[in-house]
Amino acid sequence: MEKFLIACRACGAQQPYTKPGATCPECGAGWLDALYDFGRFQPQNGHIHTTWVHSLKKYGASLWRYRDLLPIHDDRNIITMGEGWTPLLPAQNLGLMLGHNHIYIKDERQGPTGSFKDRQAAIAISVMKEAGITEAVVSSTGNVAIAYAAYCARAGIKVWVFVPSSVPVEKMREVALYGAEVIKVAGTYDLTKQVAAEFAASKNIFLDRGIKGIAAKEGMKTIAFEIAEQLGMIQAGADPMLPNGDQHPWQTPDWYLQSVSGGLGPVGVMKGFAELQQLGLVQKAPKLALFQPSGCAPMVNSFHKGLTKAEDVADPMTDIITLATGQPGEVYEVLYDLIQRHGGTFAAVTDSEAFRALRVVAEMDGISVEPATAVAFAGLFKLIHSGVIAPNEVVVVNCSGHTFPVEKQIIGEHFTRDMTVTDEDITGRQRSEGLLTALEELDSRVHRIAIIEDNPDSARLIRRILQAQGDFLIDEAHDGKTGLQLIQQHAPNLIILDLMMPGLDGFDIVEAVKRDRRLSHIPIIVITAKELSAIESKRLSGKIEALLQKGTFMDSDLLSDIRQALP
Ligand SMILES: *Cc1c(COP(=O)(O)O)cnc(C)c1O
Ligand SMILES: [Zn+2]
């Protein structure tokens, strides 16, 4: 029995697998899928555990633990750098800010070359090695190029990488570092793909067919396997970094979120969930939320026009080059169909919304992503705010890639604090004093802010927003009595106050501050979890500068209220 068969999406014909890169022998169409023989993994005694899950126990923590459902026949052909089994991280601070407790980040930055394209490359290059291929052509908006160049280096395959000339020079440099041939095409990504295909045909070199071929989708489906396995661990209260196997039931999240360009990620992920359903390991597939930058959003636009075939964007207008695919072609039809069947939506975000989200995710949860990934986070914010994603739904965001160095437009020019130390400071008699002054000048905090909040998570969120964005000296108290003492002692420039606290509550503090002539000028911003009654609103009216509802405001809302309130 073959390990898997090849099925044509267009005509349905099934064939034994012979070599990578083939088209359908029946109709000549390009889109092929690997079909595994699940008969080998029948459920035992009606229990959800299958022999496949048992077999995982012998494998370690990489995507190769799923090798019995991957298109490699001999383990010796596996080219690996430990890709896969990336962490599934709860988004704690971000979740607090958004008022949503079930956001998980699949941290694909932790792949060997820093993006989820490592999965695609690991499988595709291993498949090439197994087929005896020693030279290949690939086109890319950046990250596929880097991943393929690295894995080809290990596999001893010469690779020609075609990229549009708009790809950041740092990425091209990395591709070249791995010894790949880098060909810059002055034109769109869609044109680049055509040029690469022509080059491969004219030189008779193997052309990687990306989403249409087998390997790429098989690589991406391992994201679904990992999410389901790890979510099962998390929901059972176990350590999600330990491979689960059959210890706990696997789980499907309600949503899978990703920014899309060619659309390979969600297509592969949904193939993964479909296979898990066939194996009886999960009951459903997630809803898809797919995001594109508004300057290049052919799939989003087509979806909202109700089109079943994509309308191309001839001239992409976005700085987020990773996502600048203007002609999605057949993949749009596949995604459209998946969303009809399983639910979900497409949405666009502007480049500047993405750059803002990039900073928020970095500042809130310590996760630095590339702009393409930030598009997914900006989309997450949008769908939570608009209520499309409900508060009780489990959301997994594909944190698809890291970036170094951070692009210029996100941080601007003045991201360092310059420390000037003169020669005299170093050599003169006043040395230590001079240095001390210079060091002190590094700290320009002038405003003192008191946070009075009994919920430690909320206090942490507010502190984090202030730390990341402003020059503030922060005092914190976790109950009303200590809070009032703090205010009396320091007379801060601003008070950020919770209302519901045991003992002395927020209302009492507002009244005490306003009664005290020394303190009555201090502006107060109230952050509350409760809807105020008419009487309560009246108690605060005229006494506070702003009122924010927990879980509904973004860092920028709080900061702009603070700036308005500060003298
Ligand atoms: C490739 C890529 C995407 C888009 O992925 P597709 O599923 O191929 O559309 C998003 N983010 C990053 C970082 C990528 O490298
Ligand atoms: Zn066919």
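Student: Which elements each supply at least two residues of the shell around ligand 1?

Tutor: In this predicted model, they are β10 (255–259), α8 (264–278) and α12 (371–385). Of these, α8 gives the most, with three residues.

Student: What makes a residue count as being around ligand 1?

Tutor: One of its heavy atoms must lie within 4 Å of the ligand. There are 19 such residues, and K117, N143, S261, G263 and G265 come nearest.

Student: How do the residues of that shell divide into nonpolar, polar and charged?

Tutor: Six are nonpolar, 11 are polar and two are charged. Gly is counted as polar under this scheme, so G263 and G265, both in the shell, belong to the polar group.

Student: Why is the pair formed by Q258 and ligand 1 called a polar contact?

Tutor: The cut-off for a pair of N or O atoms is 3.5 Å. A polar side-chain atom of Q258 lies 2.8 Å from an oxygen atom of the ligand, so the pair qualifies. Backbone atoms take part as well: a polar one of S261 is 2.6 Å from a ligand oxygen, and a polar one of L264 is 3.2 Å from a ligand oxygen. Taken alone, ligand 1 exposes 380 Å², of which the protein buries 96%.

Student: Which pocket is the space taken by ligand 1?

Tutor: That space is the largest pocket.

Student: Why is the pair R119 and E226 called a salt bridge?

Tutor: The rule asks for a side-chain nitrogen of Lys or Arg within 4 Å of a carboxyl oxygen of Asp or Glu. For R119 and E226 the N to O distance is 2.8 Å, so the rule is met. R119 sits in helix α3 (residues 117–130) and E226 in helix α7 (residues 214–235), 107 residues apart, and the pair links distant parts of the chain.

Student: How many salt bridges does the rule give?

Tutor: The count comes to 33.

How values were computed. Residues are numbered from 1 along each chain as its sequence is written. Chains are lettered from A and ligands numbered from 1 in the order in which they are written. This is a predicted model: local features need pLDDT of at least 70, side-chain atom pairs count only at pLDDT 80 or more; totals for chains, interfaces and linings use all residues. Side-chain values use heavy atoms; hydrogens and water are left out. A polar contact is a pair of N or O atoms within 3.5 Å; within protein, one must be able to donate a hydrogen and the other to accept it, and residues adjacent in sequence count only if both atoms are side-chain atoms. Accessible areas come from the Shrake-Rupley method with a 1.4 Å probe; for residues, only the protein chains shown count as cover. On a 1 Å grid over the protein atoms alone, a cavity is a set of points where a 1.4 Å probe fits but cannot get out, and a pocket is an open set with protein on both sides within 12 Å along at least five of seven lines; lining residues have an atom within 4 Å of a point. A molecule sits in a cavity or pocket if more than half of its atoms lie within 2 Å of its grid points. Helices (H or I, at least four residues) and strands (E, at least two) are DSSP runs, numbered from the N terminus.
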